[in-house]
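User: I have a model open and would like to learn how to read it feature by feature. Could you walk me through it?

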Amino acid sequence: MSSNGGARHGADEPTSFRLRPPNSHPPAAVPHPGNPYAAPTQVVPPQTQNRLIAGRYRLLAKLGHGGMGTVWRAKDETMDREVAVKEPSVPDHLPERERSNAFERMRREARAAARLDHPAVVNVHDVAVVDGQPWIVMELVQGRSLGAVLQEEGTLSVREAARVGLEVLGALEAAHAAGILHRDVKPDNVLLGRHERVVLTDFGIARIEGETNLTDTGGFVGSPEYIAPERVLGQRPGPASDLWSLGVVLYAATEGVSPFRRSNTPATLQSVLNAVPAPPASAQGPLAEVITGLLQKDPARRPNAAQVRAVLETAAHPPAPRPTRVVRFPAAGSGGKGVRIGRRTLTGLAAAVVAGAVAAYLVIADPFAGPLPDGWKRHDLGDRVGVALAVPEGFVKDAPADDSDGTTVSFTDPSGLVRIETDRDLEAEDEDGEIEASASERAFAEWDELKDGEYSWGIAATPAPRGKPRETTYKDREAATNTLVYTTSDGPTPLVREAQVMYYRNKDGDMYRLRVVYPGKGYFAEDGREIARAVFTSWDIHTL
């Protein structure tokens with residue numbers, strides 16, 4: 001991990017962090033634009049490949065690199081199978097004590113993982129000692145990390161995020177039952193393998209009950225944007241600390257970034273202690289509620305593992321709509337005949353039951369209830385647009401286009417960097433039947449128009465826009481969303497822009513769309529994402 005709470009920027013950066021006085025001669029920054037989970041390409045010395053370790057493990061190719069080691073794909077020539085081998089990577093300039101601690105952490109990683117028998121924990125086969133340093137040999141999981149998936153494909157759907165969360169939770173439950181705290185749960189340590197397997201890896205900084213604490217005085221280990229507040233304060237961690245990290249992972253999996261990520265380590269740690277995250281915009285229903293619960297600053301107020309499991313099960317496997325059925329009971333004036341209850345009524349009852357169950361599991365305060373964020377204002381845009389939403393004060397309502405039919409309203413901030421637009425296609429005025437049958441159909445149809453560039457949207461064809469339409473929910477109803485990253489074509493200087501779009505088709509057949517556009521990279525990119533999350537949360541359609 002890097003010292004700024006983000007992507008790795010150097011080959012030998014440790015995963016531990018110590019608060020130190022400011023460096024009067026800081027090293028030159030290495031720019032690394034793009035997704036926070038992206039990592040620079042590592043150059044592999046040719047002589048390292050094909051090396052034989054402990055007389056049986058042949059190194060074939062590098063799989064990844066972290067602060068404490070490099071992971072290789074290797075061939076176990078004795079058992080004739082492929083394995084993963086973790087090579088120690090400790091800078092030579094470190095004091096001998098810290099080098100010894102790093103090697104001991106790797107031994108503990110092997111012991112911690114070997115003590116666990118769970119399909120979501122990687123199997124450790126061997127520890128080979130080479131020149132006094134431990135090389136961990138473990139099963140090879142064919143797949144990518146969750147961090148890589150977020151970088152390359154975008155966020156997960158609510159159901160998929162809940163499914164991944166359940167598997168990671170299972171691994172944590174097994175670890176906690178064995179007296180082990182993981183302490184570094186983050187997207188880069190979650191592998192998504194074949195056949196929908198999910199594996200939690202890297203127990204390198206795990207704390208095993210009964211063993212000596214290796215953390216140096218005045219420092220702590222872990223990835224700042226995923227560390228629980230009590231660990232930042234130096235308090236004794238417990239299972240709730242790992243569950244906090246799981247909550248941040250679920251937030252990042254659905255929203256695209258950790259809510260506590262800042263430009264440097266002190267700012268990140270300060271946000272962990274004091275910042276109230278924007279409510280999840282993409283995660284709706286039970287998943288949003290469990291994320292909110294897990295991100296309680298006080299560990300005593302977070303739901304426990306059993307409560308989290310129950311809610312994630314609901315999010316991963318929502319109840320199917322029930323068919324219309326006749327319930328027989330006497331009703332006044334009915335002459336003893338049955339009363340027919342429709343599917344909507346039963347679905348509403350089912351939703352009420354699920355909501356009641358969630359409330360029973362999460363008896364916690366809701367930090368997001370109440371007023372809008374400071375400096376925001378709510379606007380009811382009238383019956384023609386059919387929605388209300390909130391925008392930051394200072395945003396200016398744009399003048400409508402000359403050919404506007406009154407169903408589109410937009411706001412722009414004074415700098416012109418962020419634009420918010422909501423529009424509505426009315427079924428009653430759709431004489432040619434152009435409105436799609438669902439929000440998902442509209443999302444995919446619009447992406448087909450934009451993926452090769454679109455002049456009217458100011459989207460350049462080269463480089464090709466990136467996006468991935470997917471299903472989501474809006475107030476527990478079917479909806480769709482897409483996040484586009486593109487280069488502008490409508491100005492003298494091409495700019496990278498990002499647009500979050502949500503689609504919803506109501507019961508009357510009207511199609512609604514909310515779009516927030518902001519810088520796709522640079523200093524204001526994260527500010528734009530935070531504004532988008534808050535706007536999506538405030539979007540209130542009059543008729544569902």
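**Reading the fold, step by step**

Analyst: Happy to. Let's start with a loop: Pro463 sits in the loop between helix 11 and strand 21. Keep in mind as we go that this is a predicted model.

User: What is the peptide bond from Thr462 to Pro463 like, cis or trans?

Analyst: For a peptide bond, omega is the angle to look up. The bond from Thr462 to Pro463 is cis, with omega near -5°.

User: Thanks. Let me step back to the whole chain: how many helices and strands are there?

Analyst: The protein chain has twelve helices and 25 strands. Of its 544 residues, 49% count as buried. Contacts are worth a look too: among those with a separation of 6 or more, residues 24 or more positions apart account for 59%. The accessible surface comes to about 26400 Å², and carbon and sulfur atoms hold 51% of that.

User: How do I read a sheet? Which order do the strands of the seven-stranded one take?

Analyst: Read a sheet from one edge to the other, then ask how neighbours pair. Here the seven strands form an open sheet in the order 18-19-20-24-23-22-21, with antiparallel pairing. The edges are strand 18 (396-397) and strand 21 (470-474); each has a single partner strand, so one side of each is left without a neighbour in the sheet.

User: How many bridges link strand 21 and strand 22?

Analyst: Five bridges, in the antiparallel sense, with strand 22 spanning residues 477-487. To see one of the pairs on screen, select Thr472: its bridge partner in strand 22 is Ala479.

User: Which helices pack on this sheet?

Analyst: Look for contacts, then for the angle between directions. Helix 11 (residues 439-450) packs on the sheet and touches strand 20 (419-425), strand 21, strand 22, strand 23 (496-505) and strand 24 (511-519). The direction of helix 11 makes about 15° with that of strand 22. Helix 12 (residues 525-538) also packs on the sheet, touching strand 20, strand 23 and strand 24, and its direction makes about 160° with that of strand 24.

User: There is a three-stranded sheet as well. What is its order, and which strands are at the edges?

Analyst: That open sheet runs 8-10-11, again with antiparallel pairing. Strand 8 (143-145) and strand 11 are the edge strands, each pairing on one side only. From one strand to the next, the twist averages 25°. Strand 10 and strand 11 are joined by three bridges, and Val190 has Leu200 in strand 11 as its bridge partner. Helix 2 packs on this sheet, touching strand 8 and strand 10, at about 85° to the direction of strand 8. Helix 3 lies across strand 10 and strand 11, running at about 40° to strand 11.

User: Now the interior. Which residues touch the most other members of the largest nonpolar core?

Analyst: That core holds 52 residues, and those touching the most other members are Leu146, Val168, Val190, Leu287, Val290, Ile291 and Leu312. Elements giving two or more residues to this core include helix 2 (146-153), helix 3 (158-177), strand 10 (190-193), strand 11 (198-200) and helix 7 (286-294). Helix 3 gives the most, with ten residues. Apart from this core lies another, of 28 residues, among them Ala281, Leu389, Ala479 and Met502. You met Ala479 earlier as the bridge partner of Thr472.

User: Why is helix 7 described as largely enclosed?

Analyst: Count its buried residues: eight of the nine in helix 7 are buried, so the helix is largely enclosed by the rest of the structure. Leu287, Val290 and Ile291 are among them.

User: Which residues have a positive phi although they are not glycines?

Analyst: Two cases to visit are Asp80, with a phi of about 55°, and Glu196, with a phi of about 65°. Asp80 lies in the loop between strand 4 (69-76) and strand 5, and counts as exposed at 58% relative accessibility. Glu196 lies in the loop between strand 10 and strand 11, and is exposed too, at 55%.

User: Last one: is Lys86 buried or exposed?

Analyst: Lys86 has 5% relative accessibility, which is under 20%, so it counts as buried. Lys86 lies in strand 5 (residues 81-88), and an unreviewed UniProt entry annotates it as "binding site".

Note on methods. Residues are numbered from 1 along each chain as its sequence is written. This is a predicted model: local features need pLDDT of at least 70, side-chain atom pairs count only at pLDDT 80 or more; totals for chains, interfaces and linings use all residues. Side-chain values use heavy atoms; hydrogens and water are left out. Two strands pair if DSSP finds at least two bridges between them. Helices (H or I, at least four residues) and strands (E, at least two) are DSSP runs, numbered from the N terminus. Contact means heavy atoms within 4.5 Å. Axes are lines fitted to C-alpha atoms, for helices over the stretch in contact, and angles run from 0 to 180 degrees between N-to-C directions. A nonpolar core is a set of buried Ala, Val, Leu, Ile, Met, Phe, Trp, Tyr and Cys residues joined through side-chain atoms within 4.5 Å. Buried means under 20% relative accessible area, exposed over 50%, partly exposed in between (1.4 Å probe, protein chains only). UniProt positions are given in the numbering used here, feature names are shortened, and annotations may be inferred rather than shown by experiment. Accessible areas come from the Shrake-Rupley method with a 1.4 Å probe; for residues, only the protein chains shown count as cover.
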